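Q: I am new to this structure. Please take one part of it and go through that part closely, then place it in its surroundings.

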Amino acid sequence: MPAGGPGSLAGFGRRLVAILVDWLVCDVIAAGIMGYRLGERGLGSFKPLVIFVLMNVLLVGTLGSTMGHRLLGLRVVRVGGANAGPLPALIRTILLALVIPAVIWDSDTRGFHDKLAGTVLVRI
């Protein structure tokens, strides 16, 4: 992969802002569709996570990027450069939702969730 520019690994800052945008979108959707309220307790607190998982599986599996990714110029691809596809998107999303695999990185700052799914988040 190139060291910089299109096709290079996404930096931490871009990834962080992209996931924050996605979480904000999920909070708004969960509030509108599921009646979620910030600070909700019990099982209701998982409503944005349900939206997050659905959004990631559908958007990454079909388009290769979530809204946050697209806004920050990022795309999820397979290690060889092909589209991520539904199964890697599902694996990646489940591990991302568990949080811990996403915060364990290798020397390239590639998350464990991406390594197990065979994907990589690159700049477009």
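A: What follows is a close look at helix α1, then at its surroundings.

This is a predicted model, in which local features need pLDDT of at least 70 and side-chain atom pairs count only at pLDDT 80 or more, while totals for chains, interfaces and linings use all residues. Residues are numbered from 1 along each chain as its sequence is written, and side-chain values use heavy atoms, with hydrogens and water left out.

Helix α1 covers residues 12–34. Helices (H or I, at least four residues) and strands (E, at least two) are DSSP runs, numbered from the N terminus. The 23 residues of α1 should span 33 Å at 1.5 Å a residue, and the 31 Å between the end C-alpha atoms agrees with this. The expected span is 1.5 Å times one less than the number of residues in the helix. After α1 comes Gly-35, with a positive phi near 70 degrees.

Which residues of α1 are buried? They are Arg-15, Ala-18, Asp-22, Cys-26 and Ala-30. Buried means under 20% relative accessible area, exposed means over 50%, and partly exposed is in between (1.4 Å probe, protein chains only). An α-helix has 3.6 residues a turn, so residues three or four places apart point the same way. The buried residues of α1 pack against two helices, α2 (47–62) and α3 (67–71), and against β1 (74–78) and β2 (119–123).

Ala-18 is one of these buried residues. Leaving out residues up to four places away in sequence, Ala-18 touches Gly-68, His-69, Leu-72 and Leu-74; contact here means heavy atoms within 4.5 Å. Ala-18 also belongs to the largest nonpolar core, which has 9 residues, including Ala-10, Val-60, Val-76 and Leu-121. Such a core is a set of buried Ala, Val, Leu, Ile, Met, Phe, Trp, Tyr and Cys residues joined through side-chain atoms within 4.5 Å. Another core, of 8 residues, lies apart from that one, and among its members are Cys-26, Ile-51, Met-55 and Leu-96. In soluble globular proteins, nonpolar side chains tend to be buried together.

Ala-30 lies in α1 as well, and its relative accessible area of 0% makes it buried. Beyond its neighbours within four places in sequence, Ala-30 is in contact with Gly-35, Tyr-36, Lys-47, Pro-48 and Ile-51. Between Ala-30 and Leu-49, which are 19 residues apart along the chain, the C-alpha atoms are separated by 8.8 Å.

Is Ile-33 buried or exposed? Ile-33 is a residue of α1 too, but at 66% relative accessibility it counts as exposed. From Ile-33 to Ile-51 is 18 residues in sequence and 9.8 Å in space, C-alpha to C-alpha.

Helix α2, one of the partners of α1, has 16 residues and reaches 23 Å from its first C-alpha to its last, close to the 22 Å expected at 1.5 Å a residue. Lys-47, Pro-48, Ile-51, Phe-52, Met-55, Asn-56, Val-60 and Gly-61 are the buried residues of α2, and these pack against α1, α3, β1 and α4. Just after α2, Gly-64 has a positive phi of about 90 degrees.

Lys-47, a contact of Ala-30, also meets Glu-40 in a salt bridge between side chains (3.2 Å, N to O). A salt bridge is a side-chain nitrogen of Lys or Arg within 4 Å of a carboxyl oxygen of Asp or Glu. Glu-40 is partly exposed, at 24% relative accessibility, whereas Lys-47 is buried. Side chains of opposite charge can pair when their charged atoms come close.

How many salt bridges does the structure hold? It holds 3. Another of them joins Asp-114 to Arg-92, with the closest N and O atoms 2.6 Å apart. Asp-114 is in helix α5 (residues 112–117) and Arg-92 in helix α4 (residues 86–97), so this pair ties together parts that are 22 residues apart in sequence. Asp-114 and Arg-92 are both buried. The side chains of Asp-106 and Lys-115 also form a salt bridge, at 2.9 Å from N to O. Here Asp-106 is partly exposed at 23%, and Lys-115 is partly exposed at 39%.
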